[in-house]
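Q: Please take a close look at one part of this predicted model, and then set it beside a few other places in the chain.

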Amino acid sequence: MERRRFLKDSLLSLGALTSLPVLSMNEVCGNPFIPYVLRDMPDYLQDKFSNVLEWLKNNGWGEFIADELSISATLSIDSFQSLTNEVDHISDVKLLSGFEDFGGNKLVEPGYPSLSLLYHMLASAKVRPASVKEYPPLEILDQLEDVIYGFIPTDEYVNNNSIDKSKIFVAMLAYEYRSGANTPPFQDDKNGKGKSAGFVFSRCGIARIGELPYSFSNIDRCFTNLPDKGSEAKNVAAMPCRYGVFVVELVDTFDSINVMNRLKIEQTKLNGTVRNRFFINPIKKLSFDTSDKSIQFGHYHINDKLKRLVDYEYGSHKMEPNYTNFNFDAPPFIRIDSHYDDGSSTEYNNTSENAVNIRRIGSSVLVIPEPKQLISVAKQNGKTIAIKVVDEWKKHGHYNRRYAALKLPNKDGHEITNVLISDIFGRRRRITTGFKSPKVAPLFVNIKYAIKGENTTHVDGENHPGNSFDDYIENGGYYASLFNDNIFDGCITVKIDDLDKLSKNLINREILPAFSLVTAPDFFPLVNSNDIRNSYYRDNLSLKVDEDFFEGGTINLSGIRQRGNPAILNPFTGDKAFHKDWSGNHSFDTLTAVVGKQLDNGKIVTQTGSPHNQFSTSYMPDTGTGVFYPGWDVTYSGEQRNPYFATFGLGSPFPEDIKLCAAANGMWVTSSPDAGRTFQGSLKNIFGKRPNTAVPLMDIELGLHSMSAYVQDYGQSESYGWDGEQGPFIQIVNDNIVVNYTDIDRADYVYNLMDPLIGFDFSKVRDLTSIELIERMDVHRKCVKAIDGKRVWSTKLWLVGAQQIRDWASLSQIICIPKVEMFDKLNIGIRKSAKLSGRGFLFVYAKAKREGPDKKGVLDSSPENFQNKRRILNINSLWICQATLNTVAVIKLSSSGKILSDWIIE
């Protein structure tokens, strides 16, 4: 106890602490470092601090501070005062790699982790000294947060006469530390100052399912879907979400606050009127003694997708299960996973499968999807669950089929109006999806596993060759097996028996739960929709928002303001976790907004480099998708005038959504790779246009077919792409150029995922970054403009070949074009073009003929097409584009390979 007595005596000698005001989210403090006395912290916080300092010393961070930062400080709790002194050469420190966006001037700024150099160097993924032995685990970051916040008691924050205490709550928040470029607002301020790194917060978090246990990358300071060493890289690890308990202030739109992604502007306008919106302003993280049993975390998650499915009806059309004696109120129809942090079940838990876990890490808690097979056949008491597939019908503008999937439209919805508003009349703004078609059940259902008794047969071209496949799907009359997936929505909250121990100023005794999504994997974990969205606002581009995308766009989930699913219960009280209105304070309106504090101590932040070079993953709503056709992370249900977030409207199972999302012109760019060019020849016209591609993937990422030039002529191995499919390729048939491609009706992501020899291959796309995708989009846009002068979303060009070029000057061969006589001179011309140097792309575009009764060409009759899912389309013209980031060279060919133009350089 001598150490603690010394600390107490030395701190009290400094005089009285001036009460700090509650900081609004945009508050700029000319000099926030007013004189203070550091209160004597509880013993458990002092123990945490000692543990952090010991970890720093043992892992080389003490030497890093002394030798590389040139800061003299003793890493000892007995010498804490030296850690709170201003660093006299802080401007020099901020010139070092990783510290350009640090906003403080001390090793520890009591009460403010973001302004504490000690925290920044441990939490920022940009700080990567090679001299240290280890990078910090979550436990160390959590302990340091607790200590820094804990130096100022909670009441010092909230006991202020200018604060309306009725607006102070305790809330569960998802939160993460981000670089300055990724904290709100995205642009630098008007005075030319860069933004400092800091926390972002939300009452919603997104965890993602996986086949393997979660992995935390210490050096990247984030979770990754790359499995630990020893597992196949093509598989996917679960990705948790981290939550903490915070004291928050409820504020409204008309307070001047910094919010993510132009959210303030977008969400105060609806039908031309200004609406007041509400946000949470985080004040302080609460810290706990891990031995304190009076504080307990709990969660409640629900998946009732199959229950909604079998209950669905449209007029006289009702679902007919294969057995009538199923218990439709039990798993797997309704699956409720609800546990406390000690692993025990709450009274609401109705399943033993343990799909969602929570793990306490100090004062924070992780929501962790249980690693397991991504989908499985739905059974109850050993019997496979199936529904009878009704015949195809069209009524009142609604269709019950979508590319060989069963579609379950809301009879009271207005789908056509929704699309017209969002994608046609609203194209120039692309603010959000209209809420005209709430989902009453899974919008799309896989119906390709026919079942008779307990025998199941996959409905593919092998079993139904030719047009009999289309007839079989259209006519229905068979029972189709249903599947489980592990998509849930729910809540995470905390029970604190004695709030007065933490603060005597908390009038509101109800704790606001966080909305928890346990949802589909993110194939692009390093891609941020805000980066892509903001690339449209660059000075050298006159593009409108999301103009490249045929449908949807990059609007993220934080841009949508709805309440949570009313079926979600608070695991401690049994009440609805998300009321339509919370005792009149509108806290439901704060659910998915992402907010952040920007604290400026008068020091200029010297940020350098691209704003897109942050290679960390995120579990916050601003990196989730806000496009709902039906959606990727979540969708909406309820009534048109009173919608709410829920996951039961997503596809059954979720891979059915993935296929349709990926085919629709890259509209889910935060999570979904673009498979538009894989299926383009078979996609249906929408308002006279056929979706193409907006975010080009390379041929190798889409999969290489055995008959492609890659394999036949250049010795590459046949492969499956990220989705278990194989991309389009140029083929020579009867001396004419044709495109060989996959028919979307025959493709089945459920089949791919169920086959261990195929599966999804996350290694194809997980390392792609915002920088890479933005470059691809820019080059694709320039190529399309050079060929036909049109925008990407409106062109009829089909990108049928895509090869990445490391260096045009040293290029030896073009391997996406067949090695045949008609291309010999062309290949030489490409290789010898001296107009290009450096890295770039080789894009091949075609304008295909629409032939045959279904305008999809003819079925490929080669033996390799044993499932009859590939087709062949003739072309009118072909364009070869060789491009760098700045220059595009284009040449046009006829369908017979005749060169129709010289190289056009733009």
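A: Helix 14, which spans residues 654-663, is mostly covered, since 10 of its 10 residues are buried. The buried residues of this helix are F654, P655, E656, D657, I658, K659, L660, C661, A662 and A663, a list that includes the charged residues E656, D657 and K659. After helix 14 comes N665, whose phi is positive, near 70°. As the model is predicted, these descriptions refer to computed coordinates.

A second buried position can be followed through its surroundings. H301 lies in strand 10, which covers residues 295-303, and H301 counts as buried because its relative accessible area is 0%, where the cut-off for buried is under 20%. When neighbours within four places in sequence are left aside, H301 is in contact with R335, I336, D337, V356, V367, F488, D489, G490, C491, S516 and V518. H301 can also be paired with I568: the two residues are 267 residues apart in sequence, yet their C-alpha atoms are 7.0 Å apart in space.

The surface offers another kind of environment. There, D391, E392, D471 and E474 gather in a patch of negative charge. One of these residues, E392, is placed in the loop between strand 19 (386-388) and strand 20 (394-395). E392 counts as partly exposed because its relative accessibility is 34%, which falls between the limits of under 20% for buried and over 50% for exposed.

Note on methods:
Residues are numbered from 1 along each chain as its sequence is written. This is a predicted model: local features need pLDDT of at least 70, side-chain atom pairs count only at pLDDT 80 or more; totals for chains, interfaces and linings use all residues. Side-chain values use heavy atoms; hydrogens and water are left out. Patches are made of residues with over 30% relative accessible area and no salt bridge: like charges are joined within 9 Å, nonpolar side chains (Val, Leu, Ile, Met, Phe, Trp, Tyr) within 5 Å. Accessible areas come from the Shrake-Rupley method with a 1.4 Å probe; for residues, only the protein chains shown count as cover. A salt bridge is a side-chain nitrogen of Lys or Arg within 4 Å of a carboxyl oxygen of Asp or Glu. The place of a charge is taken as NZ of Lys, CZ of Arg, CG of Asp or CD of Glu. Helices (H or I, at least four residues) and strands (E, at least two) are DSSP runs, numbered from the N terminus. Buried means under 20% relative accessible area, exposed over 50%, partly exposed in between (1.4 Å probe, protein chains only). Contact means heavy atoms within 4.5 Å.
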